[in-house]
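Trainee: Could we go through this model together, taking one question at a time?

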Amino acid sequence: MTRDARLRVVVAGIIGALAVAAGAYAVHGLGAVRDAHAVGLWQTASQYQLMHAGVTVAAALGGQVLHRRLAALAGWLFLLGCVLFGGALYGLGWWGPSPLGAVAPVGGMSFILGWLLLAAAALKAPR
């Protein structure tokens, strides 16, 4: 495993752990201090983060059989999306509407581009 792939897996592991913690807090504690909409935002953020942390690990491990550079870029885009999309939703849920909400679509686009690059990494995989 390359150093870059190892770093992506480490970051994905941290993001995955934070996603589980945030999702648990959304279900078991956030409702006491915020409304149902905020709880929903946190649940959505944690689900997307957890899913994309997992696919980041898969892309890092798949770099052995996929096109390595495209898989790496896909992984970094997934992680960027976790920070931007998840962070924006957590912020909106905690503080309410703010300019921070404009960051969520950029994170969503990072997820979409990551998935497209992952598909391209499979198409360009060495035979």
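Trainee: Is Val83 buried or exposed?

Mentor: This is a predicted model, and in it Val83 lies in helix H3. Its relative accessibility is 52%, and the cut-off for the outer class is over 50%. Val83 therefore counts as exposed.

Trainee: Which residues does Val83 touch, not counting residues up to four places away in sequence?

Mentor: Val83 is one of the H3 residues that meet H1, and one of its partners, Ile15, is among the H1 residues of that contact. With residues up to four places away in sequence not counted, Val83 touches Ile15 and Ala88.

Trainee: How far apart are the C-alpha atoms of Val83 and Val103?

Mentor: Along the chain, Val83 and Val103 are 20 residues apart. In space, their C-alpha atoms are separated by 9.8 Å.

Trainee: How is H1 oriented relative to H3?

Mentor: Two packed helices are described by the angle between their axes and the distance between the axes. For helix H1 (residues 3-28) and helix H3 (residues 68-95), the axes are 11 Å apart and the packing angle is about 25°. Since angles under 35 degrees count as roughly parallel, H1 is roughly parallel to H3.

Trainee: How do the residues of the contact of H1 with H3 divide into nonpolar, polar and charged?

Mentor: H1 passes H3 in a left-handed crossing. On the H1 side the contact includes Asp4, Arg8 and Ile15, and on the H3 side it includes Gly75, Trp76 and Val83. The residues of this contact divide into two charged, one polar and 15 nonpolar.

Trainee: Is Gln49 buried or exposed?

Mentor: Gln49 is found in helix H2 (residues 36-62). Its relative accessibility is 9%, and the cut-off for the inner class is under 20%. Gln49 therefore counts as buried.

Trainee: Which residue has the backbone oxygen that the side chain of Gln49 reaches?

Mentor: Leaving aside neighbours within four places in sequence, Gln49 is in contact with Ile15, Ala19, Cys82, Gly86 and Tyr90. The side chain of Gln49 reaches, at 3.1 Å, the backbone oxygen of Cys82.

Trainee: How is H2 oriented relative to H4, and which residues in H4 meet H2?

Mentor: H2 and helix H4 (residues 104-123) pack with axes 12 Å apart and at an angle of about 25°, so H2 is roughly parallel to H4. Their crossing is left-handed, and the contact residues divide into six nonpolar, one polar and no charged. From H2, Tyr48, His52, Val55 and Ala59 take part, and they meet, in H4, Phe111, Trp115 and Leu118.

Conventions. Residues numbered from 1 in each chain as written. Predicted model: local features only at pLDDT ≥ 70, side-chain atom pairs only at ≥ 80, totals over all residues. Heavy atoms only, no water. Axes fitted to C-alpha atoms, helices over the stretch in contact; angles between N-to-C directions. Helix = DSSP H or I, 4+ residues; strand = E, 2+ residues; numbered from the N terminus. Parallel < 35°, antiparallel > 145°, perpendicular 65-115°, else oblique. Left-handed = near helix turned anticlockwise from the far one by under 90°. Contact = heavy atoms within 4.5 Å. Nonpolar A, V, L, I, M, F, W, Y, C, P; charged D, E, K, R; others polar. Buried < 20%, exposed > 50% of the residue type's maximum accessible area, 1.4 Å probe, protein only. Polar contact = N/O pair within 3.5 Å; in protein donor to acceptor, adjacent residues only side chain to side chain.
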